[in-house]
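Trainee: Got a minute to walk through this one with me? I'd like to start with the sheet and then look at the helices.

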Amino acid sequence: MSKRLRLGTELRKLRESREWSVTHVGGLMGWSHTKVSRLENGKVRPDVGEVMDLLDTYGVSGAAYDRLVGLSRQANARGWWRAFAGMPERQMGFVEMESGVLGIREYAMVFIPGLLQHAGYARQRFSDRDAVKDFDLAAAVDGRLERQKILGLGTEYEAILDEAVLRRRTAPPDVMAAQFRHLIELASRENVTVRVLRLDAEVEYLSRALNSFSLYRFDDPDQDDMVSVETETSDLWLGDPEDLARYSVVYGRLRAAAVSPEATLDLLRSLVDQA
């Protein structure tokens with residue numbers, strides 16, 4: 001988990017333990033409730049002085065105070081991704097999350113996951129949002145490619161791709177062919193596993209996921225797993241045990257119904273010729 005989100009989660013737990021609303025905390029601090037929410041959701045770099053004031057308001061002291069102040073200083077530090085300042089805010093969230101990850105499991109319904117995208121495919125994905133003009137296209141693509149370096153560092157990664165992800169035309173034919181070849185190369189790595197969920201797959205209870213989602217396992221033994229759920233305009237970050245348990249069950253069902261990595265490679269090779 002990113003340091004910002006970890007800090008925000010701990011601050012949220014402190015607030016909830018006192019049964020205070022974000023509006024109440026905002027009133028005590030002289031902040032808007034939106035500022036409290038963004039701090040708790042890891043959407044802003046924390047001001048260390050403000051975090052210290054907030055901890056005083058919550059009555060935190062001693063070792064717990066020192067630990068959270070130290071965490072706020074770490075969360076305020078600039079990572080490599082700050083060199084790609086033009087990246088979309090959503091991608092920045094994934095980058096920070098992945099910075100302390102040991103393993104990732106993803107289910108993709110519509111597009112190739114960002115960590116598996118070829119440069120041309122990534123450019124296509126960002127291009128359909130370029131009209132918004134809230135980010136730099138080149139920085140967005142470069143940042144996504146930089147993210148993918150974690151796969152070369154031994155991070156355990158598994159993706160389940162709905163067959164529609166491969167069949168639906170989401171990029172020009174030459175880009176799709178390059179993307180399929182890229183998937184074949186990545187799936188041949190020891191730490192990367194790719195499986196396809198065929199359109200006619202029989203998932204347990206004939207159920208399906210409602211959204212694309214990702215499950216994260218971290219190198220900090222004190223840090224619980226997290227799940228991110230993709231929507232059209234934002235990503236939901238969930239850490240409650242009930243949410244994690246549900247998404248883990250769903251992932252397990254999809255994985256059990258997906259074809260083997262070997263069969264997936266065979267399908268990808270056939271799609272290169274069809275693209």
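What follows is a short back-and-forth on the sheet and on some of the helices.

Mentor: Sure, just keep in mind that this is a predicted model.

Trainee: What is the strand order in the open sheet of six strands?

Mentor: The pairing in this sheet is mixed. On average, neighbouring strands are turned by 15 degrees against each other, direction ignored. Reading across, the order is β3-β2-β1-β4-β5-β6.

Trainee: And which are the edge strands?

Mentor: Look for strands that pair on one side only. In the order β3-β2-β1-β4-β5-β6, that leaves β3 (192–197) and β6.

Trainee: How many bridges do β1 and β2 pair over?

Mentor: Take β1 as residues 101–108 and β2 as residues 156–162. One bridge partner pair is E106 with A159 in β2. The two strands pair in the parallel sense, and the count of bridges is six.

Trainee: Over at β5 and β6, which residue stands opposite W237?

Mentor: β5 (residues 226–230) and β6 run antiparallel, joined by four bridges. They form a hairpin, with four residues between them. Opposite W237 in β6 you'll find S228.

Trainee: Which residues of β6 are on its uncovered face?

Mentor: In a regular strand the side chains alternate between the two faces of the sheet. Strand β6 covers residues 235–238, and D235 and W237 lie on its covered face. The uncovered face has L236 and L238.

Trainee: Now the helices: are α1 and α4 roughly parallel or roughly antiparallel?

Mentor: Helix α1 (residues 3–17) packs against helix α4 (residues 48–58) at an angle of about 25 degrees, with the axes 10 Å apart. Angles under 35 degrees count as roughly parallel. So α1 is, relative to α4, roughly parallel.

Trainee: Which residues in α4 do L7, L11, L14 and R15 meet?

Mentor: Those four residues are on the α1 side of the contact. By class, the contact has seven nonpolar, no polar and one charged residues. The crossing of the two helices is left-handed. On the α4 side, the residues are V51, L54, L55 and Y58.

Trainee: Last one: how many residues of α6 are buried?

Mentor: Helix α6 spans residues 89–98 and is mostly covered. Its buried residues are Q91, M92, F94, V95, E96, M97 and E98. Out of 10 residues, the buried count is seven.

Technical notes: Residues are numbered from 1 along each chain as its sequence is written. This is a predicted model: local features need pLDDT of at least 70, side-chain atom pairs count only at pLDDT 80 or more; totals for chains, interfaces and linings use all residues. Side-chain values use heavy atoms; hydrogens and water are left out. Axes are lines fitted to C-alpha atoms, for helices over the stretch in contact, and angles run from 0 to 180 degrees between N-to-C directions. Angles under 35 degrees count as roughly parallel, over 145 as roughly antiparallel, 65 to 115 as roughly perpendicular and the rest as oblique. A crossing is left-handed if the near helix is turned anticlockwise from the far one by less than a right angle, and right-handed if clockwise. Contact means heavy atoms within 4.5 Å. Ala, Val, Leu, Ile, Met, Phe, Trp, Tyr, Cys and Pro count as nonpolar, Asp, Glu, Lys and Arg as charged, and the others, Gly among them, as polar. Buried means under 20% relative accessible area, exposed over 50%, partly exposed in between (1.4 Å probe, protein chains only). Two strands pair if DSSP finds at least two bridges between them.
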